[in-house]
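Q: I have a structure open and would like to talk through a few of its details. Can we start with one strand and work outwards?

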Amino acid sequence: MTAIRLLIACFLMGAGLLVAAVPAQAGTAIGGTLRVKSADAPEPVPGVELAVQSTQGGETLRGRSGPDGRFEIALPAAGPYRVTLEAKTLPDGVVLPAGRSPTLTVDVQEGQSKLVLYPLERAGAVQQRQGPSVATRVMQVVLDGTVFGLIIAMAAVGLSLIYSVSRIINFAHGEFMTLGALLAFLLSSMAGGPQWPLIASAALAVLAVGALGGALGTGLLRPLESRAKEHFAILVFTIGLSFAMRYLLLALFESNTQPYREYALQEPLRLAGLAITPRDLVVCTVAVLALLGLGVLLLRTRLGRAMRAVAGDPGLAEATGIDVNRIKRDIWIVGSALAATGGVLMAVSHQVRWDMGYQTLMFVFAAVILGGIGTAFGTIAGGIVLGICMELSTLVFPVELKTALAMLALAAVLLVRPQGLFNRAQRVG
């Protein structure tokens, strides 16, 4: 009863905070004016096509500059977008300056008409210089893929830990990611209340989601596991829980897409020809430190050794005096907290959205399977490899295909190594 009360209290706390969400506004768009430098005055450049796509994938939106060089492309929602100027549609004699990328990444807030600038010039105005080398482009996409891969690895290792100990596949894991991100957002930007720093808000959100996961594993899934003849019933239960949580979050948060106020608008830093935003540096640092801390927990502490023992053979572990039920409760707490941490990092790098965890869950499962289901360190490696491979594919194929290509590559790998790339005879975690 105590665990069930804790579950209800944590969920009601999350629900109460989510009621404070701000309703969406209208008029979200990306626009600007294309002009080319001239001796007298800048001249408009009409008829140039531009493509816009969310960094999280989806439909590609297109627009064209008018006779005065102006363009505006309406967006379905706020968030980070990639804007690409189609260089082949530029008039003869008009080019982008050498070294300037035709693709810009911008964060657009609700109701904002985001301005993007492309400094065009005449082809003969300056001596033509070469653009970024192939090596620089490859290193840039590897960097982008590593950032995304670390986020996926953070969430995926929590799912893998839960499965390795309890043999339960938690389909509500994505909603735990979303709940962590939303609680951190609301605590850090509550209207009329204390606006805490994001690091404090995120810490409280992670603790709350960890407690919710522990209560769920102890108060609901353990009794169901003892009564259900097959794990299929538990699988269906977690799927239903996922749907219930997702649409409850939609009802409370609506379809808003919001940035954390501390990371709303940032200019990228240039390091050795590579571009990375300060928020992505924070994401990488936090993810690496958290994963290193997890490794120390699993390899250097009594709790970690007990978790590995239960994952390897629950019966033998119980015979040696390990409290298996307590270890299962602890692993649900740790796994759910890792999911919330991954959700916060995803929201820092992108933005907060009611279905962000659901949209990411496919990549989380792919990382777990690619690295080797039930292996903690293999899952971490699988997430990073998946993120890098997805971004590398954009060098050859259209960006819209990167998700499909990543899934095809995953299928091809599993045909050769069904156990995953990094699975070993002795599982860790």
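Q: Is strand β4 buried or exposed, and why?
A: In this predicted model, strand β4, which covers residues 49-54, is largely enclosed by the rest of the structure, because five of its six residues are buried.

Q: Which strands pair with β4?
A: Strand β5 (residues 61-64) runs antiparallel to β4 and is joined to it by four bridges, while strand β7 (residues 79-85) also pairs with β4 in the antiparallel sense, over five bridges.

Q: Which residues are the bridge partners of V52 and A51?
A: V52 has L61 in β5 as its bridge partner, whereas for A51 the bridge partner is T84 in β7.

Q: And what lies between β4 and β5?
A: Six residues lie between the two strands, which form a hairpin, and G57 in the turn has a positive phi of about 95°.

Q: Changing topic to the surface: which residues make the nonpolar patch of about 220 Å²?
A: That patch is made by V134, V138 and L392; of these, L392 is located in helix α11, which spans residues 376-392.

Q: How exposed is L392?
A: Its relative accessible area is 31%, so L392 counts as partly exposed.

Q: What about the protein overall, how many helices and strands, and how much is buried?
A: There are 12 helices and 15 strands, and 48% of the 429 residues count as buried. The protein exposes about 20100 Å², with carbon and sulfur atoms supplying 62% of that area.

Definitions and conventions: Residues numbered from 1 in each chain as written. Predicted model: local features only at pLDDT ≥ 70, side-chain atom pairs only at ≥ 80, totals over all residues. Heavy atoms only, no water. Patch = residues over 30% accessible without salt bridge, like charges linked within 9 Å, V, L, I, M, F, W, Y side chains within 5 Å. Areas by Shrake-Rupley, 256 points an atom, 1.4 Å probe, with all protein chains shown as cover. Salt bridge = Lys/Arg side-chain N within 4 Å of Asp/Glu carboxyl O. Buried < 20%, exposed > 50% of the residue type's maximum accessible area, 1.4 Å probe, protein only. Pairing = 2+ DSSP bridges.
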